[in-house]
Amino acid sequence: MTVGLFHYLAVSGLLFIAGILGVLLRRNVLVVFMSLELMLSASIVALIAFSRFNATPENPMMGGNVFVLFIIAIAACEVAVGLAIIVALWRRRQTVDLGELKGMKQ
């Protein structure tokens, strides 16, 4: 059995769905943040798979790999900013539960 594009996309889709469910169903800010990172990882898997299966020896398509580098850079920035926000929330409110942070809407 060979692993094809469909297999990579199926894994990517499952990771993305798990990330969406984590964002929608969980109440902890840290778990929501990790679910967002899971969705970014799913997009990285899909981009690498497209890049791998669409490349030919005459025309090596490196576009997917370049996008992955950009996504990794954006994810690193997101982690820095997101963790700083979570630490600030913890210092101010002493909680990471989204249900108790409803006062931020006003």
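Start by colouring the protein by pLDDT: this is a predicted model, and its mean pLDDT is 87, with 94% of the residues at 70 or more. Confidence peaks in helix α1, residues 5-25, at a mean of 95. The low end among these elements is helix α3, residues 63-93, where the mean is 87.

While α1 is still highlighted, click on Gly13, which sits in that helix. Is Gly13 buried or partly exposed? Its relative accessibility is 28%, so Gly13 counts as partly exposed, the class between the 20% and 50% cut-offs. Now draw a distance from the C-alpha of Gly13 to that of Met34: you should get 17 Å, for two residues 21 apart along the chain.

Next, select α2, residues 29-54. This helix has 26 residues, and from its first C-alpha to its last it reaches 38 Å, close to the 38 Å expected at 1.5 Å a residue. Show its side chains and pick out the buried ones: Val29, Val31, Val32, Phe33, Ser35, Glu37, Met39, Ala42, Ile44, Ala46, Ala49 and Ser51. Glu37 is worth a second click, as a charged residue on that buried list. What covers these buried positions? Turn on α1 and α3, since both are included in the cover.

Stay with α3 and put a ruler along it. Its 31 residues should span 45 Å at 1.5 Å a residue, and the end C-alpha atoms lie 44 Å apart, so the helix agrees with expectation. Buried along α3 are Gly64, Val68, Ile71, Ala75, Gly82, Ile86 and Leu89, and the buried residues of this helix pack against α2.

Now show α2 and α3 together. How are they arranged? They pack at an angle of about 175°, with 9 Å between their axes. An angle like that makes α2 roughly antiparallel to α3. To see the contact itself, select from α2 Val29, Leu30, Phe33, Leu36, Glu37, Leu40, Ser43, Ile44, Leu47, Ile48 and Ser51. From α3, add Gly64, Asn65, Phe67, Val68, Ile71, Ile72, Ala75, Glu78, Val79, Gly82, Leu83 and Ile86. Colour that selection by class and you get 16 nonpolar, 5 polar and 2 charged residues.

For a last stop, step off the end of α3 onto Gln94, the residue that follows the helix. Check its backbone: phi is positive there, near 60°.

Terms used:
Residues are numbered from 1 along each chain as its sequence is written. This is a predicted model: local features need pLDDT of at least 70, side-chain atom pairs count only at pLDDT 80 or more; totals for chains, interfaces and linings use all residues. Side-chain values use heavy atoms; hydrogens and water are left out. pLDDT is the predictor's confidence in each residue, from 0 to 100. Helices (H or I, at least four residues) and strands (E, at least two) are DSSP runs, numbered from the N terminus. The expected span of a helix is 1.5 Å times one less than its number of residues. Buried means under 20% relative accessible area, exposed over 50%, partly exposed in between (1.4 Å probe, protein chains only). Contact means heavy atoms within 4.5 Å. Axes are lines fitted to C-alpha atoms, for helices over the stretch in contact, and angles run from 0 to 180 degrees between N-to-C directions. Angles under 35 degrees count as roughly parallel, over 145 as roughly antiparallel, 65 to 115 as roughly perpendicular and the rest as oblique.
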